[in-house]
Amino acid sequence: MTKTETQNILTTARDNRHDLDPESIERSFLNHIAFTQATVPFFETDHDRWVALALTVRDRLIERWIATRRAYYARHDTKRVYYLSLEYLVGRTLGNSLLNLNIYDECAHAMETLGLDLEEIREMEEEAALGNGGLGRLAACFLDSMATLQLPAYGYGIRYDYGMFHQQIRDGHQVEEPDDWLRLGNPWEVARPEDTYRISFGGRSEPYKDEHGNLRWRWVDTHDILALPYDTPVPGYGGQTVNTLRLFSTRAAREFDLDYFNHGDYMRACEERSRAENITKVLYPKDDMEQGRELRLQQEYLLVSASLQDILDRFALNDDDWSLLPERAAIQLNDTHPALAIPELMHLLMDRESLAWDEAWTIAVNTFAYTNHTVMPEAMERWDVDLLDRLLPRHLQIIYEINRRFLEQIEQRWPGDVDRARRMSLIDEDGGKRVRMAHLAIVGSHSVNGVSEVHTQILRDRVLRDFHELDPDKFNNKTNGITPRRWLAKANEPLSELISGTIGDDWVTDLEDLRRLVPFADDAGFRRHWRSARIDAKHHLRDHLRKHVGIDIDPGMMLDCHIKRFHDYKRQLLNLLHVVTLYNRLRAGEDAGVPRMVLFAGKAAPGYMHAKLTIKLANSIAEVVNNDPVASGRLHVAFVPNYGVSLAERIVAAADLSEQISTAGMEASGTGNMKFALNGALTIGTLDGANIEILNEVGEENFFVFGLTVEGVEQTKAAGYDPRAVYEHNAELKAAIDAIRNGRFSPGDPTLFEPLISRLLDEGDPYMVLADYDAYVQCQERVSRVYQDREQWTRMSILNTANMGRFSSDRTIREYADEIWHVQSVPVD
């Protein structure tokens, strides 16, 4: 079909669905109320309105979506990016789509004409929490930037039936409940059953000779399931390019056994369907049991097998020379979760396309690139060989061969260095054989990148030193970034309107343009407007928390925010020790500094008992402090449940102080630090992750830095760090710990928090909480003094926002595109 014929069909079908004016939006909305939801105005439900509006907006994406795909296939030599991630924390789609299409005001006007409130309709949308934290949110930011930069890119992931759990707080404890985000359907997605792929597990690997007498292998006697893709449009800013996020759900290859059913065995008749659908049932099943580990491995293989089959099918539409694959496709592995893509591509090229090993391996290495997201050895994935042999026997065979050839290379480079070979081997044989997935990703990729300068240096110097010595050119840094569209333009309307009214709106796609705000930091009138915009954001947060959570905040208090996944290395416990210290000072009649509202939010992994106990401690401290008249108006503590993207947008817009206090050397990058600073919050933080680069950009005088450096942590531990001695010699620290230990915050169970205290005093304080306590408290005192000078604080706030241009995900993606993927933008007409 020609372009003209396609356009004529679309023109006939559009029914004003491409027009962006309020009247056309209103007509489309009413059309969906009547003909999609089968109801009429005044009888429709809130859900009807939400679906009708979502489809109205999706209609305006469809033509652009089709045009984007057409542009990508207009030239067969277009190189495409394929981003593989087990997580996508995309949040709500409606507001982001309105922003990127530049029709927010038009849509609000159309709803107002009908007597409806756009914000109330937006609140109806379930949040697609298909991620655990920074990894999934980064992937979502990257998709936004790739579309905005008009890069031919596709995201691949899993369509979990239940996302990251819904967090309830009961008696101060985290309680996990299913996050049934699909319970009312998802109007943004389009099912593509015609693109279903077969995914195999189990069986065995069998040798045979092909027609040319070459030894080949085939994977036989497998148990198969089906991967069904669902496509979601991802619009770039301006709406010209609309890329695709393809998420896979699972179905049984044989869903129903009629013979079992006819014999009365109804459960067994549906057993295969249930077993297949369990694979995509929930994000991150608990892996402290064999069944959970097996399910997690099945998820990872589902992602890579379905994605690679789809990628190769796209390639084969225009090419049959597999050696050209690296010139047509760049596959980025977001952490080690998709590392099985390497043996999967080898399997497909050798066993399906009959390529020889050397040719297939050259193609694979030149196609894959790997992003590492952690420096913590325990976070580096390892899979038991026995489990791989049972589920993926052919892939384990390929991994063994990759390892054999790789170790030969090590022996040639460092003859007789057995220890080095043991360290670098893909197979960890200490305490049972396990496959090191990070090593597999490194060996099978042409690029390995860290996500902040200090993280990349730690990889080179310590964690992956052997691999860096083998191939230093393979390693590079790509500091993470965030999309300014969601995290300033959408999240903080009062501030973004002030900025655009002052310097124009080019910053939305060129964040470096914010540097034009620097001179305004010395303008008293502008500082007054800045404070007003930030107070507006605090009022918006207060109203939201009052309505939805029952938490009240005082906009006149300093809003001190610590919102992120709960983990020992993120050191929420250090913050809580400071809160107890302030409370002790108030009880003693001493000065506790500026009135402060300390806000916590974040989830703990269901099996991470220390992190869950820290959440309980935060709520217990809040219960005591907030009900003590001595703290009234001086100190308030709150834990906001069920932290997610939409809540984060509101908090980062309102925060005065951003807590980025991880143990130096343990946070790979962080992006929460960027979101807060972009919105004008000042950072109190260690020299860890991207904090270092933020400090360098905004200036040390505009950043509250404290604590041990990476080298300082290593030296302190090497010198025989004794946390109990620190405890004994610091009176305020001792008083804070003793208050927790002696049951002041748990009178019904005085020993409740003993595991947290024991970790600090008896187990070596591995995250250096006590080592950094005094420096943290002193730094917080400086924070309090500066906050009392509102002109100085405002000036620092403006300079933080003005100097955050480097931390746009657009910059990060340009670096990936230019230096790793070697892809060009494709303009869409």
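These are my notes on one pocket, two nonpolar cores and a single tyrosine in this structure.

**Starting point.** I'm working from a predicted model.

**Pocket.** I pulled up the second largest pocket and got a volume of about 1200 Å³. I counted 36 residues in its lining, and Tyr104, Glu119, Arg122, Lys490 and Glu493 sit closest to the centre. Next I asked myself which helix gives the most to this lining. That turned out to be H23, with seven residues; H23 runs over 524-548. Other helices supplying at least two lining residues each include H4 (94-101), H5 (104-113) and H6 (118-122), as well as H21 (484-490), H22 (493-503) and H26 (645-654). I also sorted the lining by residue type: 15 charged, 13 nonpolar and eight polar.

**Cores.** The largest nonpolar core has 245 residues. Inside this core, I find that Met146, Leu577, Phe704, Leu770 and Trp821 touch the most other members. Helix H11 (residues 290-316) brings the largest share, 11 residues. A separate core holds 25 residues, including Ile33, Leu61, Ala110 and Ile121.

I then took a look at Leu577 by itself, skipping neighbours within four places in sequence. Leu577 is in contact with Leu733, Ala736, Ile737 and Ile740, and also with Leu760, Val769, Leu770 and Tyr773.

**Tyr156.** Is Tyr156 buried or exposed? I'd call Tyr156 buried, because its relative accessible area is 0% and the cut-off for buried is under 20%. Tyr156 belongs to strand S4 (residues 153-158). I checked one C-alpha distance as well: Tyr156 to Ala306 comes out at 9.0 Å, though the two are 150 residues apart along the chain.

Notes
Residues are numbered from 1 along each chain as its sequence is written. This is a predicted model: local features need pLDDT of at least 70, side-chain atom pairs count only at pLDDT 80 or more; totals for chains, interfaces and linings use all residues. Side-chain values use heavy atoms; hydrogens and water are left out. On a 1 Å grid over the protein atoms alone, a cavity is a set of points where a 1.4 Å probe fits but cannot get out, and a pocket is an open set with protein on both sides within 12 Å along at least five of seven lines; lining residues have an atom within 4 Å of a point. Grid points are joined across faces, edges and corners, and a volume is the space filled by probe spheres set on the points. Helices (H or I, at least four residues) and strands (E, at least two) are DSSP runs, numbered from the N terminus. Ala, Val, Leu, Ile, Met, Phe, Trp, Tyr, Cys and Pro count as nonpolar, Asp, Glu, Lys and Arg as charged, and the others, Gly among them, as polar. A nonpolar core is a set of buried Ala, Val, Leu, Ile, Met, Phe, Trp, Tyr and Cys residues joined through side-chain atoms within 4.5 Å. Buried means under 20% relative accessible area, exposed over 50%, partly exposed in between (1.4 Å probe, protein chains only). Contact means heavy atoms within 4.5 Å.
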